[in-house]
Each structure stands twice: as C-alpha cells, then as structure tokens.
Amino acid sequence: MNQTQENKKHMMDAVQAYLNEHAATWQSIPKLGEIKNRYDELLAAIAQAATEQAAAHSTLGQSKLTLKKSIAVKADILNDLIEVMATINGDDELARRMSDAYSTIFRLSYDEFMLRVQYIIERAVENQETLTNEYGMTSEQLSGLQAEMDEFLELMGKPREYQIRKGVATKAIDQLVDDAMNLLNNEMDKIMKLFSRRSPSFYQGYVQARVIVDL
C-alpha cells in the first residue's frame, strides 16, 4: 500500500473501531447495520489484499537471499582454488582479487555481488584446464555456479510471475480502497446524520474518526 492508501486505511480502521465501541447507540437502525456489515467486509478484503501484496515482495526477497547464499558458497570454493593457483604462479594481482572470504562476497550489494561472481566464473573458465588437472576443480562445481548465477540474474530481473502477483494485489487494493471510501462518503456519512441531534456527542465522535491524518 502507498502512503495515501495507508492514511485512508488508518481513518477507516478508526471509524470501524469507533462504531464497534458504540454499537449500542446505533444498532437499533437496521440500515446502518447493513452498511456497517458491508464496510467490515471491505476492510477485511483490503487487509487480505495488502497481505498478498507484501507476500509478493517477501517471496522475491527471500528467493534472492537464499540463492545469493548458495552462490556465495560455491563462488568462495572456486575463489580459493583460483587464489592458490595464482599464488603458486606468482600472479599476485589475481591472488589478491581472489582473496575474499564467503562472508565478504555474500555481504556485497546485489550489483557488486553479481560483478564479483561473474569475475570469478570468468577466471575459472579461462583457467579451467589447469584448475581441473592440477587443483581438483570439478566440472560440476563450475557448471553448478554458472547455473545458479543464471537463475539469480533472471530473478534480479523480477520474473513475470512476481510482477503479476504484485500487480493483481495492487489493483485489488486500489479498487477496494475506492469502494470503502465511496461507501463512507455516499452511505455511512449520510445515515450517520441521523445522530447529529439525537446523540450529538456520538455524532461528533464519528466526525472526528472520519478525519484522514497525513502520516
């Protein structure tokens, strides 16, 4: 939910809470009860849509984090092999660039992480024969890292299924918030005017609850 929607939702929740707390005052009016029931259903639907929207973000974040950890482990293994090879061959610059530990690789920002792992893969491919024959690197270690990196790069592009899930939830929230606001403006506010004379304090409490506060 965006901030404008959040502000409206806070107001809607305040109205719902106020009416719940003062149910004895208005329950004698069946029409108000019918409007209140529809209002409660809309608020429940908004909460569910917001949960689904958050889940779309969370699922993507968790997937990226899990895959990043796995890639960092695999990259660190090849990193060590290349560092040893470079040290023995007297290539101090390559050895220095391959000296990072798993924790250092994993903590990189996503952009830096992708560049770092790609560099490790490129050096492993360049030296594949030596690394395999002399330092024990297996083809599975290299191909496994390449496959997970391809998956990670795709995931960073936010695959279509995540876009769809987020988009559907966002559209649902937009419509539901509009529906709830229309119900308040066109039905709830009008019927609540019945209490402006018969129960002025109750009516003023409702009016105060209806104020949207910018947070």
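Which residues does Lys68 touch, not counting residues up to four places away in sequence? Keep that in mind while you get your bearings; the tour comes back to it shortly.

**The whole chain**

You are looking at a predicted model. Colour the protein chain by secondary structure and you will find 11 helices and 0 strands. Of its 215 residues, 37% are buried. The chain exposes about 12,100 Å², and carbon and sulfur atoms supply 51% of that area. If you draw the contacts with a separation of 6 or more, 77% of them join residues 24 or more positions apart.

**Stop 1: Lys68**

Now select Lys68, which lies in helix α3. To settle the opening question, show Phe106, Arg107, Leu108, Ser109, Tyr110, Phe113 and Phe152: these are the residues that Lys68 touches beyond its sequence neighbours. Lys68 is buried yet has no salt bridge. The nearest side chain of opposite charge is that of Glu112, 8.1 Å away. For a polar partner, turn to the backbone of Phe106, whose oxygen lies 2.9 Å from a polar atom of the Lys68 side chain.

**Stop 2: Ser70, Glu148 and Lys74**

Stay on helix α3 and pick Ser70. Ser70 is partly exposed, with a relative accessible area of 23%. Measure from its C-alpha to that of Phe106 and you should read 9.3 Å, for two residues 36 apart in sequence. The side chain of Ser70 also makes a polar contact of 2.7 Å with the side chain of Glu148.

Select Glu148 next. Its side chain meets that of Lys74 in a salt bridge, 3.1 Å from N to O. Glu148 sits in helix α8 (residues 139-156) and Lys74 in helix α3, so the pair ties together parts that are 74 residues apart in sequence. Is Glu148 buried or exposed? At 17% relative accessibility, Glu148 counts as buried, while Lys74 is partly exposed at 28%.

**Stop 3: the nonpolar cores**

In soluble globular proteins, nonpolar side chains tend to be buried together. To see this model's largest nonpolar core, which has 30 residues, start from Met12, Leu184, Met188 and Met192, those with the most contacts inside it. Helices α1 (3-21), α2 (23-26), α3 (30-88), α9 (160-192) and α11 (200-209) each supply at least two residues of this core. The largest share, 10 residues, comes from α9.

Centre the view on Met188. Setting aside neighbours within four places in sequence, Met188 is in contact with Leu19, Leu32, Ile35, Lys36, Tyr39, Leu183 and Tyr206. Apart from this core lies another, of 27 residues; select Leu81, Met98, Ile120 and Met137 among them.

**Stop 4: more salt bridges**

The model has 11 salt bridges, and a few more deserve a visit. Select Asp189 and Arg210, whose side chains meet in a salt bridge of 2.8 Å, N to O. This pair links distant parts of the chain: Asp189 is in helix α9 and Arg210 in the segment after α11, 21 residues apart. Arg210 counts as buried, at 14% relative accessibility. Then show Lys31, Glu34, Arg38 and Glu187, which salt bridges with shared partners join into one network.

Finish at helix α4 (residues 92-97), where both Glu93 and Arg96 lie, 3 residues apart, about one turn of the helix. Glu93 forms a salt bridge with Arg96, with the closest N and O atoms 2.6 Å apart. Glu93 counts as partly exposed, at 44% relative accessibility.

Methods: Residues are numbered from 1 along each chain as its sequence is written. This is a predicted model: local features need pLDDT of at least 70, side-chain atom pairs count only at pLDDT 80 or more; totals for chains, interfaces and linings use all residues. Side-chain values use heavy atoms; hydrogens and water are left out. Helices (H or I, at least four residues) and strands (E, at least two) are DSSP runs, numbered from the N terminus. Buried means under 20% relative accessible area, exposed over 50%, partly exposed in between (1.4 Å probe, protein chains only). Contact means heavy atoms within 4.5 Å. Accessible areas come from the Shrake-Rupley method with a 1.4 Å probe; for residues, only the protein chains shown count as cover. A nonpolar core is a set of buried Ala, Val, Leu, Ile, Met, Phe, Trp, Tyr and Cys residues joined through side-chain atoms within 4.5 Å. Lys and Arg count as positive and Asp and Glu as negative; His and the chain ends are not counted. A salt bridge is a side-chain nitrogen of Lys or Arg within 4 Å of a carboxyl oxygen of Asp or Glu. A polar contact is a pair of N or O atoms within 3.5 Å; within protein, one must be able to donate a hydrogen and the other to accept it, and residues adjacent in sequence count only if both atoms are side-chain atoms.
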